Amino acid sequence: QVQLVESGGGLVQAGGSLNLSCAASGSIWSIGTMAWYRQVPGAQRERVAVIFHDSRTEYADSVKGRFTISRDNSKNTVSLQMNSMKPEDTGVYYCNADILRQRTTFQVNYWGQGTQVTVSS
């Protein structure tokens with residue numbers, strides 16, 4: 001059994017900062033790509049930031065220069081530091097990861113339960 005658990009969401013004023021964390025637990029052998037997605041009502045879930053196993057990163061244009069994704073492979077965690085936040089950053093943020101479980105030979109994609117982020121103007 002593998003779980004992704006997010007933490008760190010909440011309410012912040014425009015211009016403020018939040019840090020989201022996601023911890024993977026269970027029978028994990030290794031983790032490949034990790035990412036953060038955002039979803040607002042009525043819209044598709046969009047990828048905000050991704051970090052590959054070699055620590056290369058990619059960001060959505062809307063968050064470049066404001067958000068930073070990082071990972072700690074020794075702790076199976078991924079974080080998203082969000083600065084200079086805007087009301088349009090509001091949404092439910094989901095952690096996503098490709099995980100190779102112990103005693104298996106293929107990666108499985110997992111999602112966290114989501115954490116609400118609200119940015120007030």
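**Note on strand β9 and its partners**

1. In this predicted model, I28 stands opposite R101 in β9, and this pair is a convenient place to start reading the sheet. The residue I28 belongs to strand β4, which covers residues 28–39, while β9 covers residues 91–101. Nine bridges join β4 to β9, and the two strands run antiparallel.

2. How many of the residues of β9 are buried? Eight of the eleven are, and the strand can accordingly be described as mostly covered. As a general point, the side chains of a regular strand alternate between the two faces of the sheet. For the protein as a whole, 40% of the 121 residues count as buried.

3. Strand β9 also pairs with β10, a strand of residues 107–111, in the antiparallel sense and over five bridges. Within this pairing N96 stands opposite W111 in β10. The two strands form a hairpin with five residues between them, and a reader checking the backbone of the turn may note R103, which has a positive phi of about 65°.

4. A further antiparallel pairing links β9 to strand β11, made up of residues 115–120, through three bridges. Here Y93 in β9 stands opposite T115 in β11. Strand β9 is thus joined to β4 by nine bridges, to β10 by five and to β11 by three.

5. Which elements make up the protein as a whole? There are eleven strands and zero helices, and from the N terminus on the order of elements reads β-β-β-β-β-β-β-β-β-β-β. The radius of gyration is 14 Å, close to the 14 Å that the globule rule gives for 121 residues, so the protein is as compact as a globular protein of that length. Taken along the principal axes, the C-alpha atoms fill a box of roughly 50 × 25 × 25 Å, a figure that should be read alongside the radius of gyration.

6. Turning to contacts, if those with a separation of 6 or more are considered, 56% of them in the protein are accounted for by residues 24 or more positions apart.

7. On the surface, the protein exposes about 6400 Å², and carbon and sulfur atoms supply 47% of that area. As to charge, there are 11 positive and 9 negative side chains, and the centres of the two sets lie 4 Å apart.

How values were computed: Residues numbered from 1 in each chain as written. Predicted model: local features only at pLDDT ≥ 70, side-chain atom pairs only at ≥ 80, totals over all residues. Heavy atoms only, no water. Buried < 20%, exposed > 50% of the residue type's maximum accessible area, 1.4 Å probe, protein only. Helix = DSSP H or I, 4+ residues; strand = E, 2+ residues; numbered from the N terminus. Pairing = 2+ DSSP bridges. Rg over C-alpha atoms; globule rule 2.2 N^0.38 Å. Contact = heavy atoms within 4.5 Å. Areas by Shrake-Rupley, 256 points an atom, 1.4 Å probe, with all protein chains shown as cover. Lys, Arg positive; Asp, Glu negative; His and termini not counted. Charge placed at Lys NZ, Arg CZ, Asp CG, Glu CD.
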